[in-house]
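Reader: I have the sequence and the coordinates open. Can you walk me through one helix and what surrounds it?

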Amino acid sequence: MKGIKKSLTEEYLYLDFSHQMEGCIFPLHTSVTLFLLSYCDCKIFKVGLVLTKESTDISLKNVVPQDVEIQIISKQELPAIVQNCCLPAVVEKPDNFCRAGLAVVLRHIIQKSYEADPSKKEILELLGFKKTCLKACAEVSQWTRLCELTIPLAIENFLKESSDQHPTIPAEILQLERKLSEPVRVHNDDKLRRQKLKQQKAAGVGPAHAKSRVLRQETSEELDSSSKSLELQVAFSKLAVYEEPATTNREPSHIRKAKVSDLPPLEHVFAEGLYFTLADIVLLPCIHHFLAIICKKLSEKLIEFPLLAAWYQRIQEVPRVKTAASQCGIQFLHLPELLTTLKEQDANLSEVPGVEEQNDASFLRGPRPTMTKLMEKGIEVMFSPHPCPTWTLDWNSLPAAVSPKEGKMSSDRALRKQQQLNNLVYVVTSQAKPGDRIVDFCSGGGHVGIVLAHMLPSCQVTLIENKELSLIRAKKRSDELGLSNIWFIQANMEYFTGMFNIGVALHACGVATDMVIEHCIKTRAAFVTCPCCYGFIQNTSKFNFPKSEQFKKTLSYKEHMILCRFADQTAVQLPAQRRLIGKQCMCLVDLDRARAAEERGYSVQVISMEPESCSPKNNMIVGVPI
């Protein structure tokens, strides 16, 4: 089939297509995206299914929404900017602004669907409270990682193994079942929990009975509105399925005076709590195919997932879900009724080690014992000399849109931002060669990337940022300058797969700095980073601290965290001695990062920016592959 015809007004959505199995398009990210398009009745996008391997039998009948215009294309036909990203991806004319990654793309589809028809407020409600559903990147949010990455991948692997007699139940599904057993936290939960207490007392249900009550699926056919649980009434009243629970102006005295500890917990109706959100959209195709295999080959295991089964049945009551599912080849299963008692919350759900409390005795003693321990091993605070401390851009001769003064900041802050840029731009322009690709990670409003694109017209500059509004502001400034050597990608950095020569990041928060350095090392690119938010550093699914062998032999994780916490104490309002200790801790944390990169074949320097007053976080880590 021919490639998609481009126009000035339409956006193009590109999805991977590897194969079909039992009425489902794989990878599951593609099925999830098509399901959302169907649920939103969204016809805004031209959709391209991108072949990941040769396939001679491609039938899309009954697996894609009929009203969505879909064409099959090859990877070579993708716009250049999309070829540098993981799919799904959305690109708009003139092919220099791309959104990539499942969560970013799905949130964009919801936003565009609502803009096309503002009467569909229930579409916007998918983004949840304060529109934050799946907004946090997978590296820092366990929930986003579970929904966006680990569950779809685990289910795909489970389906591949299903030809075996006894495929292994994915740990991620067990984790989701535990998640559904946790008490729900919502912004007005005190009020709702008191309403639930009132409902329980009216029904003569005691706390002990309530905690050990039998869980079963409640449907509108089985129960009248007066006997539905409070959670169901609240959740479905928002979807205009049930009547809103009746409330009185003032609760009885015994309800008002009840201790918070005596209030019954709220239980999950949907994946994130009481309300139907984007997380449910993402999980439905995945859980459907998991349950299909369970029912077919491991039916005795179904009783282990009562909450998941109840969620699966409950979600079918949401308006338009059944219609959208059938258009995407999902034929809902008829599950047997499951009876089980509510299990205690699993205390070991968290995968990421928690950060020690600040009142720990180690923190109270301060960083000096840790610094002394390093000194005894020959590791001391040491900065490399600045290559050109007095160098500055001639800001007055540059177009106004190049300057950070064009952003929304005070004149004092804009001056400090210019001073920060002087440092980074000098190092990058000293290294860059004509034809180089430079990536500005965590670009924000584009202060670094726009200056580099203007100063280095023979280089291609890519801005990567997961906050849409910041990137839109950057594009507006770029358009004013008429820059033609710049790309904008709204995505978490792991979804950028392109090759590049230099990576730069100004004040990438916490482990984001480590993610940037890792991305550069994997590509054998030079890096120029200015870290920030040392206090947010902690072990993640990808990084363990300390990072370098030299520091690992000397410090424990806890001791390294002490350095990180005190490295954040460099604010100008703090006493001079305290700021000095903070600066020394910053240096030691960054020396660990530098040593780790050196162990992987890099020459690395930790440099203090000039003037130091340009920012409390004024370190630069400069690495060049040997």
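Reader: What do the buried residues of α18 pack against?
Author: They pack against β7, α17, β11 and β12. Bear in mind that this is a predicted model.

Reader: Which residues of α18 are buried?
Author: S470, L471, A474, K475, R477 and S478. Seen down the axis of α18, these residues fall within an arc of 160°, so they line one face of the helix.

Reader: And what sits on the face of α18 turned away from its buried side?
Author: That face carries the exposed residues L469, K476 and E480.

Reader: How far does α18 reach from its first C-alpha to its last?
Author: The helix covers residues 468-481, 14 in number, and reaches 20 Å, close to the 20 Å expected at 1.5 Å a residue. Just after α18, G482 takes a positive phi of about 70°.

Reader: Switching to the strands. In what sense do β7 and β12 pair?
Author: Parallel, over three bridges, with β7 at residues 97-100 and β12 at residues 486-490. The bridge partner of C98 in β12 is I489.

Reader: What does α17 touch on the sheet?
Author: Helix α17, residues 447-455, touches β10, β11, β12 and β13. Its direction makes about 170° with that of β11.

Reader: What is the strand order in the whole sheet?
Author: It is an open sheet of twelve strands, ordered β5-β4-β1-β6-β7-β12-β11-β10-β13-β14-β16-β15, with mixed pairing. The edge strands are β5 (70-73) and β15 (602-608), each pairing on one side only.

Reader: What does the twist average?
Author: The twist averages 20° from one strand to the next.

Key
Residues are numbered from 1 along each chain as its sequence is written. This is a predicted model: local features need pLDDT of at least 70, side-chain atom pairs count only at pLDDT 80 or more; totals for chains, interfaces and linings use all residues. Side-chain values use heavy atoms; hydrogens and water are left out. Two strands pair if DSSP finds at least two bridges between them. Helices (H or I, at least four residues) and strands (E, at least two) are DSSP runs, numbered from the N terminus. Axes are lines fitted to C-alpha atoms, for helices over the stretch in contact, and angles run from 0 to 180 degrees between N-to-C directions. Contact means heavy atoms within 4.5 Å. The expected span of a helix is 1.5 Å times one less than its number of residues. Buried means under 20% relative accessible area, exposed over 50%, partly exposed in between (1.4 Å probe, protein chains only). The arc is that of the directions from the helix axis to the C-beta atoms.
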